[in-house]
Amino acid sequence: MKWIKPGLFIFALIISLLGVHWWGGYLKNRAYETWLEKAELETNQITNTSFYWISLFHTQLRGLAALFYGSQTITENEFLNGLELIEEIESESVIPLSNVVLLSVTDSSEADLLLDVVYSSDIDTEYVNSPMIQTVAELAMENPEEIVLGPIHRNAHGDHILPLAIQVPNEGTAGILLSLVNLTDFFSDLAVLYFPDGVQLKVSQTISLPGKGLSERVDSLTFDSSDFGKRAVTFHYPTRSGNAQWDYYWDISTSYQGGINTALGNLIQLGGSVLIALVYLIISFLAYQNRQVNFLVRLRTQELAEATTALEKANKELEELASHDSLTNALNRRSFLEIADKTLATSERSSKPLSFIMIDVDYFKNINDRFGHAEGDSVLISLVAVFNQVLREGDYLGRIGGEEFAILLWDTGIDEATLVAERLRCAISTERFLVNNQKYDVTVSMGIAQLNHEKGDTISQIMKRADDALYYSKRQGRNRYAVYRDEMGK
């Protein structure tokens with residue numbers, strides 16, 4: 001029976017050793033899983049940050065194109081003002097974005113487009129007729145109102161360039177608004193700001209080129225952080241933007257975050273005599289790691305919230321600029337007609353009256369000819385200020401042409417509309433406008449028309465009747481208004 005106690009001791013020892021070995025092995029596996037979770041969380045957040053900025057390139061280019069939507073001829077001032085707005089949005093980030101150029105298509109009937117630089121922020125004029133720019137320009141011409149991405153290529157300096165393009169009107173013909181994103185600078189800055197030690201990023205672009213004889217084109221860029229050792233694992237995050245797919249491949253080396261920490265598990269496996277101390281250290285270590293992960297999650301969440309707020313602000317500003325006339329801040333023609341269509345539908349459903357006033361500035365050409373267009377612009381700005389003082393809440397003012405304006409009066413019959421017109425005429429005729437530092441009398445002529453529910457009028461028909469009444473006012477001597485009658489349209 002004497003062998004029982006030694007046997008039990010040996011058995012207990014073996015069980016203890018096996019338990020310690022199992023526990024140590026478990027801790028090593030857990031450390032590896034935690035290490036992987038941290039790497040996946042951090043690389044996924046950096047990928048989201050990168051793709052957020054790539055998406056913002058689309059938003060900025062579409063917003064810039066929207067600014068030029070109502071212009072038949074895009075002036076240099078309009079182009080520079082649009083760039084200033086983009087630069088204000090970019091200044092909220094330390095990551096540089098892109099160069100912008102407006103191209104004219106001088107002959108789209110040839111096999112290769114003939115592209116000329118109209119305005120540019122910073123680009124070599126010979127570069128625009130390179131094969132890669134030709135490709136994205138042809139895609140933009142074939143897909144109007146769509147932002148298209150071209151294949152990544154290298155410029156003369158060896159930088160990777162991503163071209164984006166959208167078709168815009170210019171001088172009565174199609175133009176192309178081109179944005180050239182320097183991906184080398186972009187990802188290099190991203191690496192400096194966000195990459196932890198021990199990671200390597202490979203970005204691959206797969207782009208569809210319909211009608212170009214190519215089903216896809218793939219280009220890759222690779223960026224390393226410092227201290228990249230032996231690769232341990234690779235994470236793949238596929239994303240899509242427009243006609244391109246972006247694949248992010250993150251190689252995580254064994255040196256990431258100081259390496260996979262298995263020291264605690266090895267120490268536990270050395271013997272059961274230090275088991276309690278090692279358990280305490282493990283608990284403390286895991287608690288510290290948990291706090292670090294929670295801190296990084298909160299930090300990345302805050303950064304994402306700030307970036308989202310900045311994007312919403314930028315989108316709101318772009319939407320406001322796209323819907324209002326850049327000179328007078330009145331509604332532009334497109335936005336005014338959209339509101340008019342919606343109001344007309346509401347008026348027809350509720351059977352409420354709806355009236356239009358068309359306004360034209362008398363002898364406005366004389367002001368431009370005598371004093372210059374800058375003084376004419378000043379008069380238009382002052383006129384809109386007077387209009388806004390007289391108009392009621394719920395009335396809509398839009399700039400339809402150069403010196404021509406339209407007013408939409410909701411729930412307003414013809415009698416009340418004439419009162420509004422008279423108040424406008426009196427306010428303008430008594431106002432002393434400042435032209436060339438001298439007081440100058442300005443008058444307007446107006447035409448009034450209202451919705452005929454029985455005829456099922458369209459906005460164009462109502463505005464045509466108001467326009468006929470306007471020209472009747474001009475023939476009667478100007479500085480007056482007229483209500484449309486059937487004989488005016490003959």
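Let me start with one bridge: R432 has D441 in β15 as its bridge partner. Keep in mind that this is a predicted model. The bridge belongs to strands β14, residues 432–435, and β15, residues 438–441, which pair in the antiparallel sense over four bridges. The two strands make a hairpin with two residues between them. In the turn, N436 has a positive phi of about 55 degrees.

The hairpin comes up again with helix α8, residues 364–371. Which residues of α8 are buried? They are F364, I367 and N368. Viewed down the helix axis, the buried residues fall within an arc of 95 degrees, so they line one face of α8. What do they pack against? The partners are β11, α9, β14 and β15, and the last two are the hairpin strands I began with. The face of α8 turned away from the buried side carries K365, D369 and R370, which are exposed. Just after the helix comes G372, with a positive phi of about 100 degrees.

Now the aromatic residues. How many aromatic pairs does a search of the whole structure find? Five. Take F336 and F356: the ring centres are 6.2 Å apart and the planes stand at 80 degrees, so this pair is edge-to-face. F336 is in helix α7, residues 333–350, and F356 is in strand β11, residues 354–361, so the pair ties together parts 20 residues apart in sequence. Strand β11 was also among the partners of the buried side of α8. Are F336 and F356 buried or exposed? F336 is buried, at a relative accessible area of 0%, and F356 is buried as well, with a value of 0%.

F387 and F405 also form an edge-to-face pair, with 5.6 Å from centre to centre and 70 degrees between the planes. This pair links distant parts of the chain, 18 residues apart: F387 sits in helix α9, residues 373–390, and F405 in strand β13, residues 404–410. Both phenylalanines are buried. Helix α9, like β11, is one of the elements that the buried residues of α8 pack against. Elsewhere, F186, F187 and Y248 make up one aromatic cluster.

Two arginines sit over tyrosine rings. R478 lies over the face of Y363, 4.4 Å from the ring centre. R485 has its charged end over the ring of Y472, at 5.4 Å from the centre.

I will finish with two residues in other helices. E42 is in helix α1, residues 4–67. Is E42 buried or exposed? Its relative accessibility is 8%, and the cut-off for buried is under 20%, so E42 counts as buried. What is E42 in contact with, if neighbours within four places in sequence are left aside? The contacts are P196, Y256, Q257 and R300.

The other residue is I282, found in helix α6, residues 275–323. I282 has a relative accessibility of 6% and therefore also counts as buried. Its C-alpha atom is separated by 9.8 Å from that of I268, and the two residues are 14 residues apart along the chain.

Key. Residues numbered from 1 in each chain as written. Predicted model: local features only at pLDDT ≥ 70, side-chain atom pairs only at ≥ 80, totals over all residues. Heavy atoms only, no water. Phe/Tyr/Trp six-rings, centres within 6.5 Å; stacked < 30°, edge-to-face > 60°. Buried < 20%, exposed > 50% of the residue type's maximum accessible area, 1.4 Å probe, protein only. Lys NZ or Arg CZ within 6 Å of the ring centre and 35° of its normal. Pairing = 2+ DSSP bridges. Arc of directions from axis to C-beta. Contact = heavy atoms within 4.5 Å.
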